[in-house]
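Let's take a walk through a protein and the molecule it holds. Have a look at the model first, then read on.

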Amino acid sequence: MPKNKSTSKIKTAKLIINKNTYELPIYNSTEGESVIDISKLHSQAKLFTYDPGFTSTASCESKITFIDGDKGILRYRGYNIEELANKSDFIEVVNLLIYGDLPNKEQLKKYKKLITRHTLLHEQIINFFQGFRRDAHPMAMMVGVMGALSSFYQDTLDINDAHQRQEATRRIIAKSSTIGAMAYKYSIGQAFVSPKNNLSFSENFLHMCFSNTAEEYKVSPVISKAMDTIFILHADHEQNASTSTVRLAGSSGANPFACIAAGVSSLWGPAHGGANQAALEMLEEIGSTKNIKKYLNKAKSKKDPFKLMGFGHRVYKNYDPRAKILKKICKNVLAHVGIKNDPILKLAMELEKIALNDKYFIEKKLYPNVDFYSGIILRAIGFPPEMFTVIFAIARTAGWTAQWTEMIEDPIQKIGRPRQYYTGNKSLKYGTKRSRKNTR
Ligand code: SDX
């Protein structure tokens, strides 16, 4: 039975197998699909359910983020993403995700100070960067350094101590931005720039990336607002692949820094957070509107592994609300930096228009997702494509730590250990001669 008493059991599902009837409780969600509790199925019926990719499986009970994929709705703790993007700021959203309510002015001011004082890294961590090749992908540095933090902050590894959990969370969020900026500086051969505590989270990130020892980067309000909105939009997204990775790693009792490093690794994939870099590189490869048809045919062909990057989503079968907001931000950022008629933005909008009127995309309900426009904005701000997923990871430390905390504090939490649908060899005697079907 889930911990949330407000989840009333409305009825049971009856499963009839070989004249046996199994009753499985159904729990009512506060929003969206109800769930069938199958946790007793194996002990009652000696059966597993089978759901590769977890397309119909709820892995946990959560109160943090709600998505309605058919209507294109995204809410953090009940607040619509459009309102938060418009009226809130990233650190307020971090506080909302982790603590469940919007902080009052006093609480927010205090929380911002708590996060800001964790932006510095132990000086020895600089040595980690020296070990990377200059052309290492910045996500490789994010994974490596995030995991290494556990050796420097040994006073916040006890996951059963609420204060240590909160401190670890604040360190991860604050330091992810400094590590991300350092990875960028290292990859372009520039000296690291220290954080400045009189700046906001987003201003500080831009300062650490674009200031250098010779001159201060002037943070424009338009750019820092765009940066902050991008962080808000990427902060959490229910039980996506990287968040599920963090929850699974955390379920074994691993320390928070190791769990978040696992999340960074999973996010890196081009089917997930790596799609923002892949989408911009795809648009650059398509090059001109006259090639759109050719690439759409590639995306539709079963024989071609090519997918339209930044399109499609496991949950959204409608326009990703975050993509709508990013499309609007695109225009003000490009105008602000003086890019008129950006050919890549024009190409992206033309590609979207043609795809959304194409039978294949309509039938499969494939729409632009969060990664389709974000790269165009980040490139206009001055980031190279390799930094796009780093920025996604910095934002997602909010959701990862909020979901990790919720899991640790869940009284029914246990180690995640799925079973399998086994189709391998039956028992064999050692030395049994078998023709090897495939030579690897
Ligand atoms: C993120 O889960 C999250 O919430 C993730 C995320 C978050 O905030 O954490 O929202 C962030 O990861 C967004 C998604 C970024 N990825 C991409 O843009 C990569 C391109 N998209 C696809 O790889 C795909 O759409 C996925 C991975 C996003 C979703 O894949 P699913 O849910 O497993 O769907 P599927 O692959 O089963 O697709 C269903 C059908 C398939 O055709 P059929 O086998 O049914 O004939 O649609 C096709 C797919 O081939 N399809 C595409 C396509 N996406 C799906 N065909 C062409 N181009 C695409 N982009």
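**Around the ligand**

Start with the ligand: 24 residues surround it, and those that come nearest are H237, G310, H313, R314 and R322. Keep in mind as you look that this is a predicted model.

What sort of residues make up the shell around the ligand? By class, you'll find 10 nonpolar, 7 polar and 7 charged residues there.

Now zoom in on some atoms. R314, one of the nearest residues, has an N or O atom in its side chain that sits 2.7 Å from an oxygen atom of the ligand. R396 also points a polar side-chain atom at the ligand, 2.8 Å from an oxygen atom. With Y360, the ligand's partner is a nitrogen atom, which is 2.9 Å from an N or O atom in the Y360 side chain. And how much of the ligand does the protein bury? On its own, the ligand exposes 1000 Å², and the protein buries 76% of that.

**A helix on the inside**

Next, find helix α3, which covers residues 90-99. Since 9 of its 10 residues are buried, this helix is largely enclosed by the rest of the structure. The buried ones are F90, I91, E92, V93, V94, N95, L96, L97 and I98. If you spot E92 in that list, you've found a buried residue of α3 that belongs to the charged class.

Check out the two ends as well. At the start of α3, a side-chain oxygen of D89 reaches to within 3.1 Å of the backbone nitrogen of I91. After the helix comes G100, with a positive phi near 95 degrees.

Technical notes. Residues numbered from 1 in each chain as written. Predicted model: local features only at pLDDT ≥ 70, side-chain atom pairs only at ≥ 80, totals over all residues. Heavy atoms only, no water. Near = heavy atom within 4 Å. Polar contact = N/O pair within 3.5 Å; in protein donor to acceptor, adjacent residues only side chain to side chain. Areas by Shrake-Rupley, 256 points an atom, 1.4 Å probe, with all protein chains shown as cover. Buried < 20%, exposed > 50% of the residue type's maximum accessible area, 1.4 Å probe, protein only. Helix = DSSP H or I, 4+ residues; strand = E, 2+ residues; numbered from the N terminus.
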